[in-house]
Amino acid sequence: MTAQPPTETMSPARRLRNIVGGSAGNLVEWFDWYAYAAFTLYFAPVFFPEGDTTAQLLSSAAIFAVGFLMRPVGAWIMGVYADRKGRKAGLTLSVTLMCTGSLIIACTPGFDTIGIFAPALLLTARLLQGLSVGGEYGSSATYLSEMATARRRGFWSSFQYVTLISGQLLALLLLIVLQNTLSEADLAAWGWRIPFFVGAALAVIVFWLRRRLDETRAFVASDPDKAPRSSALLLILKHPKEALLVMGLTAGGTLAFYTYTTYLQKFLVNTTGFTKDIATEVSAAALFVFMCLQPAVGALSDRIGRKPVMVTFGVLGLLCTVPIMSTLATVQSPFIAFLLALAALVIVSGYTAINAVVKAELFPAHIRALGVALPYAIANAMFGGTAEYVALWFKGAGMEPVYFWYVTGMIGVSLLVYLFMRDTKHKSLIAHED
């Protein structure tokens, strides 16, 4: 195993290269993942031709949710792999799986051509992508947290969500470009395949970037050959409290995040009544500001602590979710819709900007990637992955406002966790390895 320069003495240029390299791969991972959500309005009739718009979106959302069900499996397999073989190895493997799934979606014929095999192949692709993202989160969160200096760990780790949001934003921007260059018929017939080909083609660049990353000092210093071997059993027996904390602090945050990102575009079309073009532009504009805000919130947590930032999200989310969603359902101005969406995303930033570093700071190095990834993936599958499906189900049943209260309730559950957990900035297990 090659020795690495100590984290605190690594040159700024070298540290920045590692952060950018790891983040660029994360961006492509999430571009592929969110391309599915961004283009669902166009390809849902290709794979699910029967039923009205809500029924088609419901079928697509179900497969989106199934992809999340594979994330705990991917988190388990690749979390163990990253703890035993290195963060860099885990990052490289995850992007390969993601782009394979993207290529399958790009090449699969529609229901009219191959019948039931079309949604079956779509499901297979999402399962592969679910495996990939399940492992990506733990490896990425751990890598960025370990690569950062102790004084700026919140700031640097926030770039996980900068790149995550960038991937989603790029998917939306590509959709806007295609909406303005292709006819509605061409976009629905074949144009929706373009982003999946783009995602697959970027695999070579990402693979090259991640092969050039330095391994983190924390992983090298832990000596995985001598430390306890990472496993789900070890996590359950030795770190049950931390695993439950990760699930609890994730539940409300991930549900709110997916409500205001992947589901918002459909909500603005299916409930508010905007056109697809306007809904996409409103979502993209709000996401851009949201992306830029992440490092500022991460840096704030370096100054005042992680706990006050998360508690602020919990309190504001508890008070504002129902008013924001209820008003969004009735607005007629795209600008007002943008302001409401942005207000919601500013609140959610109290979770997104620092959740990765908080989770990483809870675990020792020999089980950190798995400890971050697996409990998070389980909570994400239960609440984030099902957000669209649950929202559309309530809408189909004529009870859409119930969903707003559901989001509020889960944020309240996470708020209780934030109030009673320790502030990991002051009691970080990564600090002992710096």
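**From F196 to the overall fold**

F196 is placed in helix α11, which covers residues 194-201. The model is a predicted one, and this residue is a convenient point of entry. F196 has a relative accessibility of 0%, so it counts as buried, the limit for that class being under 20% relative accessible area. Beyond its neighbours within four places in sequence, F196 contacts A35, Y36, F43, S102, L103, I105 and A106. By C-alpha positions, P228 lies 40 Å from F196 in space, with the two positions 32 residues apart in sequence.

One of those partners, F43, leads to helix α2. This helix runs over residues 40-47 and is mostly covered, with 7 of its 8 residues buried. The buried ones are T40, L41, Y42, F43, A44, V46 and F47. Several residues of this stretch appear again around W192. Setting aside residues up to four places away in sequence, W192 touches Y42, F43, V46 and F47, and also F39, I105 and L187. F43 and I105 are thus among the contacts of W192, and F43 and I105 are also among those of F196.

W192 belongs to a wider nonpolar assembly. The largest nonpolar core contains 120 residues, and F39, W192, L328 and Y403 have the most contacts inside it. Helix α9, residues 159-181, supplies the largest share of this core, with 11 residues. Another core lies apart from it; this one has 9 residues, including L91, L144, M147 and L213. In soluble globular proteins, nonpolar side chains tend to be buried together.

Burial is also found at a serine. S132 is located in helix α7, which spans residues 117-147. Its relative accessibility is 0%, and S132 therefore counts as buried. With residues up to four places away in sequence not counted, S132 touches E29, M78, S94, V95, L97 and M98.

V289 offers a contrast in exposure. The residue is found in helix α17, residues 276-304. V289 has a relative accessible area of 34% and is therefore partly exposed, since that class lies between the 20% bound for buried and the 50% bound for exposed. Its contacts, leaving aside neighbours within four places in sequence, are with F338 and L342. V289 is 39 residues from L328 in sequence and 18 Å from it in space, C-alpha to C-alpha; L328 is one of the residues with the most contacts inside the largest core.

These local views can be set against the whole chain. The secondary structure consists of 23 helices and 0 strands. Of the 434 residues, 61% are buried. Among contacts between residues at least 6 apart in sequence, 86% join residues at least 24 apart. The radius of gyration is 21 Å, which agrees with the value near 22 Å for a compact globule, because that is what the rule gives for 434 residues. The C-alpha trace spans about 60 × 45 × 40 Å along its principal axes.

The surface and the charges complete the account. The accessible surface comes to about 15800 Å², and carbon and sulfur atoms account for 70% of it. The protein carries 32 positive and 25 negative charges, and the mean positions of the two sets are 10 Å apart.

Notes: Residues are numbered from 1 along each chain as its sequence is written. This is a predicted model: local features need pLDDT of at least 70, side-chain atom pairs count only at pLDDT 80 or more; totals for chains, interfaces and linings use all residues. Side-chain values use heavy atoms; hydrogens and water are left out. Helices (H or I, at least four residues) and strands (E, at least two) are DSSP runs, numbered from the N terminus. Buried means under 20% relative accessible area, exposed over 50%, partly exposed in between (1.4 Å probe, protein chains only). Contact means heavy atoms within 4.5 Å. A nonpolar core is a set of buried Ala, Val, Leu, Ile, Met, Phe, Trp, Tyr and Cys residues joined through side-chain atoms within 4.5 Å. The radius of gyration is taken over C-alpha atoms; the globule rule is 2.2 Å times the number of residues to the power 0.38. Accessible areas come from the Shrake-Rupley method with a 1.4 Å probe; for residues, only the protein chains shown count as cover. Lys and Arg count as positive and Asp and Glu as negative; His and the chain ends are not counted. The place of a charge is taken as NZ of Lys, CZ of Arg, CG of Asp or CD of Glu.
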